[in-house]
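Biologist: I've got a model open on my screen. Could you show me how to read it?

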Amino acid sequence: MADGPARIEGYAIVSEDGMLANSAGVMPDSLKFEADQTFFADGLDHCDAVVHGRHSHEQQPHSPQRKRITLTHAVAALGPDPGNEKGVLWNPAGARLDQVWTALGIEGGTLGVIGGTDAFGMFLVHYNVFYLTRAPGVTLPGGRPVFPEVPRLTPEQVMTQHGLAQQEERTLDAAKGLIVHVWRRG
Ligand SMILES: NC(=O)c1ccc[n+]([C@@H]2O[C@H](COP(=O)([O-])OP(=O)(O)OC[C@H]3O[C@@H](n4cnc5c(N)ncnc54)[C@H](OP(=O)(O)O)[C@@H]3O)[C@@H](O)[C@H]2O)c1
């Protein structure tokens, strides 16, 4: 993406059936693990901005310091976020990502994509890396999927179809069987 971020990273924790929230649109405690939250926070600390849908937010100690792009249809294109001086509101139907990046005053750098479903889906052809943590033994029938194509396809099938390949696994919490799967392009 010319003049936009040099690197795009995705971060998600999902159930065994590929859901990031339950059928009520709420992320349940069964998807919350200290080791994953530490991994996620450390990753975002290396990003120059985060992007997410209007119903998502990482709720971390460093969140107020981050440049933030909130997806919403409430603006036609791009505008300031009235609730956050470091934030912008973005409707991709009216403005390109490189325009958002310029508005935030960033050159090159890394964008962290943190969900939900549509945000994760939007960047599938652009991720340099996607960190997919699996919550062992958790299923969320009828929940909100990590990508729009889930559950017709598994998250792994979706990423493979978009040119990503699993290149690494990192154990985050051995006692809990918590593993992050690292998918990279090329
Ligand atoms: N497990 C995980 O890793 C993870 C990650 C992220 C979120 N979550 C959880 O997932 C739940 C929310 O996810 P969600 O998918 O339901 O909602 P979401 O993506 O956070 O928010 C959806 C809203 O974002 C805006 N939006 C999304 N795509 C857009 C587009 N292309 N153009 C314009 N606006 C767009 C719309 O806002 P408007 O209505 O204002 O137009 C839409 O209603 C929460 O419980 C959250 O905690 C979990």
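Modeller: Let's take the ligand shell, then one residue, then the domains. This is a predicted model, where local features need pLDDT of at least 70, side-chain atom pairs count only at pLDDT 80 or more, and totals for chains, interfaces and linings use all residues. Residues are numbered from 1 along each chain as its sequence is written.

Biologist: Which residues come nearest to the ligand?

Modeller: A residue is near a molecule if its C-beta atom, placed from the backbone, lies within 6 Å of it. Here 26 residues surround the ligand, and Gly-53, Ser-56, His-73, Gly-115 and Gly-116 come nearest. Strand 1 (7-14), strand 2 (19-21), strand 3 (49-53) and helix 3 (117-122) are the elements giving two or more residues to that shell. Helix 3 gives the most, with three residues. Helices (H or I, at least four residues) and strands (E, at least two) are DSSP runs, numbered from the N terminus.

Biologist: Is Tyr-11 buried or exposed?

Modeller: Buried means 20 or more other C-beta atoms within 10 Å of a residue's own, exposed means 12 or fewer, and partly exposed is in between; the C-beta atoms are placed from the backbone. Tyr-11 counts as buried because it has 24 C-beta neighbours inside 10 Å. Tyr-11 lies in strand 1.

Biologist: What is Tyr-11 in contact with, leaving aside neighbours within four places in sequence?

Modeller: Contact means C-beta atoms, placed from the backbone, within 7 Å. With those neighbours left aside, Tyr-11 is in contact with Phe-40, Gly-43, Gly-112, Ile-114 and Tyr-131.

Biologist: And which domains does the assignment give?

Modeller: Such bounds come from an automatic or database domain assignment. For the protein chain, that gives domain 1 (48-114) and domain 2 (124-186). Their C-alpha centres lie 23 Å apart.

Methods. Contact = placed C-beta atoms within 7 Å.
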